[in-house]
Amino acid sequence: MYDGTPRPSSPSPARTRPRRRAPRAVAVALALSAALLAGCGSPERTAGDRKAAAPSGAGFPVTIDNCGTRTTYDRPPSRVVTIHQHPAELMLALGLKDRMVGTAFPDSAVLPPLRKDFEAVPELAKKEPSFETVLEAEPDFVYGGYGSAFADNEGRSRKAFADAGIDTYLNREYCGKKQVSMQDTYDEIRTIGAVFGVRDRADRLVADLRGRIARTAEAVKGAPAVPVFVYDSGDKSAFTAGGKSLGTEIIRLAGGRNVFADLDEVFGDASWEQVVARRPEVIAIYDYAGAGSVEQKKRFLLSQPALADVPAVKNKRFVVLPLTATLVGVRPPYAVEDLARGLHPERFR
């Protein structure tokens, strides 16, 4: 499944160079434990000790099954590191900035209402931080966005964190789901709300996001569905959102139709001949760090003779969506509105 890194231009599978860091990570965890045992009476404490000292609240204990890992929380986590942008934004949208001690891997502009709080949280790394870097922040909970947050070959497996006394949670989109929907965003928000003892906030946030979508749906009601092609990346072929992606639902709710809705995947490759044959009227460009700028993507699409007669290219109808706005989190309802304004501008004047 898509992990937020740029895809190869050809349909050949991406390869990751193995980096054997797990032994070092385990050694760090053991070293920390040894130091703590040697320093009895010291104010330094393990993540487990910090959790035990944190005040409990109503609604606990809470047991969560997440991607095959079952965790019982006797009290809400108090020191959180988020890896990837969308978990950080979800935490901030729930008013949990005071629990956050670090974040990492920002890959697009932060949602404006959350920008100030996001900037107040220490950034641990531009990409995924090392296991050691995360440990230095002394978290009791690590929340990952893409599956790569807990890459075993990088020494950041969930087991490595568990052995260090740190709970983990992975965005449900990367639990091997074959279909991703808007309901997953609501379920994710409510699950994190339960873990942190803020169920009421989670319910209010979900209600607000549902309302945002409802207002957009009302604005485009009755409008003809606009054919949309999602361009993520690629030159030899197009890496695009398939029928099982949240992107397809975003397009539908915005008054459009994903021309590759029949692609039986969350993300997949399509040939340029297929793009030409399906004649999209709008191209939604996914914007994220490391995949080339939006302007580079536009220049590529506009420079291809084979695409010259595609309506979206001919009329230069592009809508830019941050990748984070298409992932399970708080932003997909915002993406629905932004895309709808690009598909049906006459409905928003």
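With a relative accessibility of 10%, Phe267 counts as buried, because the cut-off for that label is under 20% relative accessible area. This phenylalanine makes a handy starting point for a walk through the structure, which is a predicted model.

Phe267 has a ring partner, and the partner is tucked away too: Phe239 is buried, its relative accessible area being 6%. The centres of the two rings, Phe239 and Phe267, are 5.5 Å apart and their planes meet at 15 degrees, so the pair is stacked, given that planes under 30 degrees apart count as stacked. Phe239 belongs to strand β9 (residues 238-241) and Phe267 to strand β11 (residues 267-270), so the pair ties together parts that are 28 residues apart in sequence.

Phe267 also helps to line an empty space. Rolling a probe the size of a water molecule over the atoms shows where empty space is left. In this model, one cavity of 30 Å³ or more turns up, and the volume of the largest cavity is about 40 Å³. Alongside Phe267, the lining of the largest cavity is made up of Glu173, Ser245, Leu246, Gly247, Tyr286, Thr326 and Leu327. Sorted by character, the lining residues comprise four nonpolar, three polar and one charged.

Aromatic contacts occur elsewhere as well, with 15 aromatic pairs in the structure. In one of them, Phe150 and Phe161 have ring centres 6.0 Å apart and planes at 80 degrees, so this pair is edge-to-face; the cut-off for that label is over 60 degrees. The pair links distant parts of the chain, eleven residues apart: Phe150 sits in the loop between β6 (141-144) and α6 (158-163), while Phe161 is part of helix α6 itself. Are these two residues buried or exposed? Phe150 counts as buried at 10% relative accessibility, and Phe161 is buried with a relative accessible area of 0%. Phe150 has a charged companion too: Arg158 lies over the face of its ring, 5.7 Å from the ring centre. Ring pairs can also join up into a group, as they do in a cluster that links Tyr73, Phe141, Tyr143, Tyr169 and Phe196.

The last stop is a helix. Helix α13 (residues 332-343) is twelve residues in length and spans 16 Å from its first C-alpha to its last, close to the 16 Å expected at 1.5 Å a residue. Which residues of α13 are buried? They are Pro332, Pro333, Ala335, Val336, Glu337, Leu339, Ala340 and Leu343.

Terms used. Residues numbered from 1 in each chain as written. Predicted model: local features only at pLDDT ≥ 70, side-chain atom pairs only at ≥ 80, totals over all residues. Heavy atoms only, no water. Helix = DSSP H or I, 4+ residues; strand = E, 2+ residues; numbered from the N terminus. Expected span 1.5 Å × (residues − 1). Buried < 20%, exposed > 50% of the residue type's maximum accessible area, 1.4 Å probe, protein only. Phe/Tyr/Trp six-rings, centres within 6.5 Å; stacked < 30°, edge-to-face > 60°. Lys NZ or Arg CZ within 6 Å of the ring centre and 35° of its normal. 1 Å grid on protein atoms, 1.4 Å probe; cavity = no way out; pocket = protein on both sides within 12 Å on 5 of 7 lines; lining within 4 Å. Points joined across faces, edges and corners; volume = space filled by probe spheres on them. Nonpolar A, V, L, I, M, F, W, Y, C, P; charged D, E, K, R; others polar.
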